[in-house]
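Take a look at the model below. This report covers salt bridges, burial and one pair of helices.

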Amino acid sequence: MSNIPALLRFDAVTPLRDATARWRDAGERIVLVPTMGALHDGHLALMAQARRIGRRVVASIFVNPTQFGPNEDFSRYPRDLETDLALLAAAGIDAAYLPDVETMYPPGFSTRIEVTGLTEGLCGAFRPGHFSGVATVVTKLVNQVRPDIALFGEKDYQQLQVITRTMRDLDIPVEIRGVPTLREADGLALSSRNRYLTPEERAIAPRLQSMLSRIARELVAGGQATGLVASGIAELKQAGFSPVQYLAVCDAETLAPVERVASPARVLVAAYLGRTRLIDNVEVVPEA
Ligand code: AMP
């Protein structure tokens with residue numbers, strides 16, 4: 001017999017709320033990990049972290065249509081619920097929350113959360129409406145579960161900052177924590193979209209991270225963003241990425257562009273390899 005307790009499953013708000021209310025009343029710390037499923041080891045790193053810091057862990061799986069643009073991969077986004085549930089059970093997660101689109105967006109649904117400023121550059125410039133969809137769905141998930149803490153990957157760094165700002169601006173009582181990006185041995189950040197890559201593209205993909213790390217090192221050594229960004233874009237194009245949507249050096253919190261790094265910063269990139277859009281980012285910590 002396994003000593004892992006059975007994974008609870010909820011697909012409606014009321015029974016989910018009843019369960020989390022009981023845990024809250026018992027003084028148990030609740031951690032929420034929102035996902036879109038097709039779980040990989042990066043997601044499982046978030047689950048393990050949640051397990052360490054919380055008495056109760058709720059993982060949500062919801063492929064949120066409002067954060068996909070009309071020409072994006074919503075309909076072909078990978079879905080594998082039975083495998084996901086087995087992985088969550090093995091990770092010792094207490095509850096899987098699996099709402100359908102009607103539950104999250106019932107007829108007449110008409111509210112959207114817009115975060116200004118932070119969402120205008122980087123991915124926001126190429127994915128109109130994306131962060132509004134993310135901010136809205138995460139606000140709903142947090143209000144439904146009412147966790148003490150919600151975990152998000154630094155892999156989606158702009159998303160992490162947008163959600164942190166949303167919760168702060170709307171006085172939603174939850175602590176948002178980022179978890180470092182889990183990578184393959186060759187440096188490629190784990191992503192549900194990596195499965196779209198052909199073997200040839202998969203071999204090229206780690207160049208994204210090696211380029212980011214080089215730029216981060218050169219920034220710490222006193223380099224300037226403009227020249228480094230130009231050389232990074234050229235390197236990616238040479239390797240076969242096309243188009244390179246952006247490569248930028250930004251303040252780690254405000255995401256405003258910076259030319260020289262004097263306080264914590266981030267180098268962020270989005271580029272296509274064939275039909276697959278990859279994003280990644282690394283931190284830049286200036287020497288004291
Ligand atoms: P997704 O299912 O793509 O929406 O991702 C769910 C959560 O897992 C988000 O907070 C992501 O940032 C996070 N995540 C995705 N890939 C990784 C990774 N390689 N390392 C750490 N966290 C990740």
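## Salt bridges and a helix pair

R214 is buried, with a relative accessible area of 19%. Buried means under 20% relative accessible area, exposed means over 50%, and partly exposed lies in between (1.4 Å probe, protein chains only). R214 forms a salt bridge with E235. A salt bridge is a side-chain nitrogen of Lys or Arg within 4 Å of a carboxyl oxygen of Asp or Glu. R214 sits in helix 9 and E235 in helix 10 (residues 225-239), so the pair links distant parts of the chain, 21 residues apart. Helices (H or I, at least four residues) and strands (E, at least two) are DSSP runs, numbered from the N terminus.

This is a predicted model: local features need pLDDT of at least 70, side-chain atom pairs count only at pLDDT 80 or more, and totals for chains, interfaces and linings use all residues. Residues are numbered from 1 along each chain as its sequence is written, and side-chain values use heavy atoms, with hydrogens and water left out.

The structure holds 13 salt bridges. The table lists some of them.

| Pair | Closest N to O | Apart in sequence |
|---|---|---|
| R56 and D94 | 3.2 Å | 38 residues |
| R266 and E154 | 3.2 Å | 112 residues |
| R214 and E235 | 2.9 Å | 21 residues |

R56 lies in strand 3 (residues 56-61), and D94 lies in the loop between helix 3 (81-90) and strand 4 (95-97). Both R56 and D94 are buried. R266 belongs to strand 8 (residues 265-273), while E154 is in the loop between strand 5 (149-153) and helix 7 (157-169). R266 is buried too, with a relative accessible area of 6%.

Helix 9 (residues 207-220) also holds S213. S213 is buried, at a relative accessible area of 19%. S213 and V267 are 54 residues apart in sequence, yet 8.5 Å apart in space, C-alpha to C-alpha.

Now for the helix pair. How do helix 1 and helix 6 cross? The axes of helix 1 (residues 13-25) and helix 6 (residues 130-145) come within 8 Å and cross at roughly 55°. Axes are lines fitted to C-alpha atoms, for helices over the stretch in contact, and angles run from 0 to 180 degrees between N-to-C directions. Helix 1 and helix 6 are therefore oblique to each other. Under 35 degrees counts as roughly parallel, over 145 as roughly antiparallel, 65 to 115 as roughly perpendicular, and the rest as oblique.

V13, L16, R17, T20 and R24 in helix 1 meet N143, Q144 and V145 in helix 6. Contact means heavy atoms within 4.5 Å.
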